[in-house]
Amino acid sequence: MPSSEMFDQIAEQVYAQGYCILPKALPDELAQALATEVRSLPQSSFSRAGIGRQEDHLMTEVIRRDEIHWIDNSTAAGSAWLNWTAQLQQAMNRRLFLGLFSFESHYAHYSEGDFYKKHLDAFRGQQNRMLTVVTYLNPEWGDEDGGELLIYPEQGENPLHKVKPAFGTLVIFLSEEFPHEVLPAHTDRYSIAGWYRINSSDSQRIDPAE
Ligand SMILES: O=C(O)CCC(=O)C(=O)O
Ligand SMILES: [Fe+2]
């Protein structure tokens with residue numbers, strides 16, 4: 001599917017329901033490059049993920065167990081990803097007037113048994129995270145491998161969707177509105193999570209774009 005058609009679809013679904021889930025959506029060449037890169041990074045370049053301003057490690061481990069590596073422009077794959085997400089940003093701004101201003105993203109590696117309990121990626125009035133983008137880099141993922149993403153409605157305990165972290169699936173949702181969780185993975189699970197932020201500059205402080 002050409003990118004512009006896919007961006008139309010994403011915009012329509014985000015507008016209508018606040019999220020979209022598209023299997024095999026990330027361009028294949030890009031997905032392959034990212035999947036290769038995430039597996040070639042040294043273990044020492046990953047760090048235990050934190051949760052917001054929460055610095056208490058014991059507390060953090062109860063909530064999430066993945067390890068992350070922030071993505072930048074310094075590699076071909078990273079730069080291709082940031083290029084693609086910049087196109088998506090522009091498309092969303094043109095179609096939905098979201099005012100997305102900057103983007104940050106990391107690879108995540110969930111080892112066997114790792115999970116991320118139900119959470120929101122942003123809280124109203126804080127952080128300015130507006131739109132979450134998640135994609136998966138696992139060429140083969142069986143039902144027995146676990147690690148599904150559950151997406152919940154703003155209120156309520158029954159998930160709206162259970163998403164398998166299959167290669168190239170793209171999940172996009174409004175960061176403040178959809179609680180979600182990652183069920184324990186039974187094998188290595190590789191993904192990218194990213195967030196578009198809106199400008200939080202005020203007269204006191206200029207928000208740098210990166
Ligand atoms: O990997 C996923 O499916 C979601 C990850 C997530 O919720 C996060 O990193 O905030
Ligand atoms: Fe999240």
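This note goes through a predicted model in numbered points, from the whole chain to its helices, a few single residues and the surroundings of ligand 1.

1. Overall form. The secondary structure of the chain comes to 4 helices and 11 strands, and its C-alpha trace spans about 45 × 40 × 40 Å along the principal axes. The radius of gyration is 16 Å, which agrees with the value near 17 Å that a compact globule of 210 residues would have. Of these 210 residues, 28% count as buried. Among contacts with a separation of 6 or more, 78% join residues that are 24 or more positions apart in the chain.

2. Helix 1. This helix takes in residues 3-17, and its 15 residues should span 21 Å at 1.5 Å a residue; the end C-alpha atoms are indeed 21 Å apart, so the expected and the actual span agree. Helix 1 is followed by Gly18, which has a positive phi, near 90 degrees.

3. Helix 2. Residues 28-40 form this helix of 13 residues, which reaches 18 Å from its first C-alpha to its last, close to the expected 18 Å. Which of its residues are buried? They include Ala31, Leu34 and Glu37, the last of these being a glutamate. These residues cover an arc of only 135 degrees around the axis, and therefore lie on the same side of helix 2. The other side of helix 2 carries the exposed residues Asp28, Glu29, Thr36, Arg39 and Ser40. As for partners, the buried residues of helix 2 pack against helix 4 and strand 11.

4. The spacing in helix 2. The buried positions Ala31, Leu34 and Glu37 can be read together with a general property of helices. An α-helix has 3.6 residues a turn, so residues three or four places apart point the same way.

5. Helix 4. The 21 residues of helix 4 should span 30 Å at 1.5 Å a residue, and the end C-alpha atoms are 30 Å apart, which agrees. Its buried residues are Trp81, Thr85, Leu88 and Met92. They cover an arc of only 55 degrees around the axis, which means that they sit on the same side of helix 4. The face turned away from this buried side carries Ala76, Asn83, Ala86, Gln90 and Arg94, which are exposed. The cover over the buried residues of helix 4 includes helix 1, helix 2, strand 4, strand 6 and strand 11.

6. Two residues with positive phi. Lys24, in the loop between strand 1 and helix 2, has a phi near 50 degrees, a positive value in a residue other than glycine. Lys24 has 13 other C-beta atoms within 10 Å and is therefore partly exposed. Phe97, in the loop between helix 4 and strand 4, comes just after helix 4 and takes a positive phi of about 55 degrees. Is Phe97 buried or exposed? With 8 other C-beta atoms within 10 Å, Phe97 is exposed.

7. Two residues of strand 4. Glu104 is found in strand 4, and so is Ala108. Glu104 has 15 C-beta neighbours inside 10 Å and therefore counts as partly exposed, whereas Ala108, with 24 C-beta neighbours inside 10 Å, counts as buried. Leaving aside residues up to four places away in sequence, Glu104 touches Gly194 and Trp195, while Ala108 touches Asp66, Ile68, Ser191 and Ala193. Distances in sequence and in space can also be set side by side: Ala108 and Tyr190 are 82 residues apart in sequence and 5.8 Å apart in space, C-alpha to C-alpha, whereas Glu104 and Ser4 are 100 residues apart in sequence and 22 Å apart in space, again C-alpha to C-alpha.

8. The shell around ligand 1. Which residues surround ligand 1? They are Ala108, Tyr116, Asp121, Val134, Leu149, His180, Val182, Ser191 and Ala193. The elements that give two or more residues to this shell are strand 10, residues 180-182, and strand 11, residues 189-198. By class, the shell has 6 nonpolar, 2 polar and 1 charged residues. Ala108 of strand 4 thus appears again here, as part of the shell around ligand 1, and two of its contacts, Ser191 and Ala193, are also among the residues around ligand 1.

Terms used: Residues are numbered from 1 along each chain as its sequence is written. Chains are lettered from A and ligands numbered from 1 in the order in which they are written. This is a predicted model: local features need pLDDT of at least 70, side-chain atom pairs count only at pLDDT 80 or more; totals for chains, interfaces and linings use all residues. A residue is near a molecule or strand if its C-beta atom, placed from the backbone, lies within 6 Å of it. Ala, Val, Leu, Ile, Met, Phe, Trp, Tyr, Cys and Pro count as nonpolar, Asp, Glu, Lys and Arg as charged, and the others, Gly among them, as polar. The expected span of a helix is 1.5 Å times one less than its number of residues. A residue is buried if 20 or more other C-beta atoms lie within 10 Å of its own, exposed if 12 or fewer, and partly exposed in between; C-beta atoms are placed from the backbone. The arc is that of the directions from the helix axis to the C-beta atoms. Two residues are in contact if their C-beta atoms, placed from the backbone, lie within 7 Å. The radius of gyration is taken over C-alpha atoms; the globule rule is 2.2 Å times the number of residues to the power 0.38.
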